[in-house]
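Please read the following walk through the structure alongside the sequence and the coordinates. The text moves from cysteines to helix packing and then to charged side chains.

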Amino acid sequence: MEVLDTSIANVALPHIAGSLGASQEEATWVLTSYLVSSAIILPISGWLMARFGRKRFYMACVALFTVCSMLCGLAPTLPILILARILQGIGGGGLAPSEQAILADTFPVAKRGQAFAVYGMAVVCAPAIGPTLGGYITDNFNWHWIFFINVPVGLLSMYLSQRMVEDPPYLKAKKQTLGRVDTMGLGLVTVGVGCLEVVLDKGQEKDWFGDPHITLFAILAACALLFFIWWEWRHPDPIVDLKLLRNRNFGTAVFLQFILGMVLFGSTVLIPQFLQSLMGYTAERAGMALSPGAVVLMFMMPVAGRLVGSGKIDARLLVAIGYFITAAGLYNLTRLDLDVSFGTIVLWRMFQVMGLSFVFIPISTLNYVGVPRDKNNQISSFSNFARNLGGSVGTAMLTTFIQRTQQTHQSDLAGHVVQGSAAYTHFLDSTKTALMHLGQNADQAASLATGQAYQMLLRQSSMLSYQNAFWALSMAIACLIPLPFIMRKPPKLPGQARGGGGH
């Protein structure tokens, strides 16, 4: 439900803006506020779990997420809705790190792959079904219900968590040894990550550094994060243990999680954008084109989990295979054109996501190799932060790339339109004749024919920019295929003791 909430509200923004008397730009803060607050809480979740207890922290996050979901649905004005979304993001941002740390401590090494596979099905499927579900609810009920649906799930989750989840003994012991609260680190990470998320989310819309506010936020983010790194590296009880990155497996895994976020979220944004802006799809139908990909992942995740758990295939090799399939799938999407059918889009999307399960599951397992188990909270929060940050960076970069290359292609295509050429004249004449048959006079038909030619030029330049974006993404992924072999191999002992230490 938490991952779903990052995408389900996208399609309801026009309805939210109209209902609350806000502009479309003001309504986008419904999305931005959630992303910023959840991004802030992610890197410090490991420390919060250690200080307050993982079970207590997790249930507090579930409760906050559930209550604020109710408040979002009841919000009478936009400011109240944004405030509720900020609090909802704080609760939602702490869920994923807690869940992964719980899985790592609950299951022995041999079974972690399958455990993460079941969990991963939710993580990768939710963004795909979010637009479809959001569009259906908005069209058939109203936007309030995209928040209300979280409430019964949250209540059930709290009941089950209270009954079934327990903190391991080592975590209870560590809680007694924690020092004073690192208030400076908390303040720096809040300012740095919050400002960075605003820059990434609003940069393209505001023309990046052409806008003084974006420039100010970028400077604040850079200064706060650089000082944060210096401060945390020297602190005896850091909020974020940056020294974990010196572990070869974990440092590489964090980078791979970052790239996974770029691919997963970037492609999930690009394909619906292409279908809605150039093909005229509704948000719900565009979401339906992505949903079969989620079904593929539901089948492939258990396969990847079983392969990782068996130990018969090197987990690093699985990651490399996953990146190869993903790169091939993204390269295949460079064949998108303005005549592509719905069925073709569905098949290409299914092929594109097929390799992601071979990336997500092994990386989630390799994260913990060679790291003491009392660092499991830090590992899960750090890796989730890397994936979410990758999603924000990838979406911002790809959106900017499309805008810039579209302008370049528009100039190139316009240079090939020769006034008086046989092809151009034939197009204008045939379009003008068709319009006159529909009742337009000669002057109106001539003007509309020229306008239609210009619209075709815009659509074709935009199509080429999407092709370029998928090509760039596929080349970037292809370059990562050898990288997993930097990591150490995970142990093959099926009966290894629970926990992450000593391996």
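Cysteine 479 is exposed in this predicted model, because its relative accessibility is 63% and thus lies over the 50% that the term requires. Cysteine 72 stands at the other end of the scale, being buried with a relative accessible area of 0%. When the structure is searched for disulfides, the count comes to zero. For cysteine 72 in particular, the nearest cysteine sulfur belongs to cysteine 68 and is 6.6 Å away, so this pair does not meet the limit of 2.5 Å that a disulfide has to satisfy.

The packing of two helices comes next. Helix α4 covers residues 29-52, and its axis comes within 8 Å of the axis of α5, the two crossing at roughly 155 degrees. Because an angle over 145 degrees counts as roughly antiparallel, α4 is described as roughly antiparallel to α5. On the α4 side the contact is made by Tyr34, Ser45, Leu48, Met49 and Phe52, while α5 contributes Arg54, Arg56, Phe57 and Phe65. Sorted by chemical character, the residues of this contact comprise six nonpolar, one polar and two charged.

Helix α4 also holds alanine 50, which is buried at 7% relative accessibility. The C-alpha atom of alanine 50 is separated by 9.0 Å from that of glutamine 378, although the two residues are 328 residues apart along the chain.

How many salt bridges does a search of the whole structure find? The search finds three, and two of them involve residues of helix α5. In one, arginine 54 pairs with aspartate 105, with the closest N and O atoms 2.6 Å apart. This pair links distant parts of the chain, since arginine 54 belongs to helix α5 (residues 54-74) and aspartate 105 to helix α7 (residues 95-106), with their positions 51 residues apart in sequence. Arginine 54 is buried, with a relative accessible area of 2%, and aspartate 105, at 12% relative accessibility, likewise counts as buried. Arg54 is also among the residues through which α5 touches α4, and it therefore appears both in the helix contact and in a salt bridge.

Another salt bridge brings together the side chains of lysine 55 and glutamate 166, at 3.6 Å from N to O. Lysine 55 lies in helix α5, whereas glutamate 166 lies in the loop between α10 (150-164) and α11 (169-175), so the pair ties together parts that are 111 residues apart in sequence. Are the two partners buried or exposed? Lysine 55 is buried, with a relative accessible area of 13%, whereas glutamate 166 is exposed at 52%.

The remaining salt bridge joins the side chains of aspartate 314 and arginine 316, which meet at 2.7 Å from N to O. Both aspartate 314 and arginine 316 are buried.

A further arginine, arginine 349, is found in helix α17, which spans residues 342-353. Arginine 349 counts as buried because its relative accessibility is 3%, under the 20% that sets the limit. Leaving aside residues up to four places away in sequence, arginine 349 touches Ser267, Thr268, Ile271, Ala289, Leu290 and Gly293.

Terms used
Residues numbered from 1 in each chain as written. Predicted model: local features only at pLDDT ≥ 70, side-chain atom pairs only at ≥ 80, totals over all residues. Heavy atoms only, no water. Buried < 20%, exposed > 50% of the residue type's maximum accessible area, 1.4 Å probe, protein only. Helix = DSSP H or I, 4+ residues; strand = E, 2+ residues; numbered from the N terminus. Contact = heavy atoms within 4.5 Å. Salt bridge = Lys/Arg side-chain N within 4 Å of Asp/Glu carboxyl O. Axes fitted to C-alpha atoms, helices over the stretch in contact; angles between N-to-C directions. Parallel < 35°, antiparallel > 145°, perpendicular 65-115°, else oblique. Nonpolar A, V, L, I, M, F, W, Y, C, P; charged D, E, K, R; others polar.
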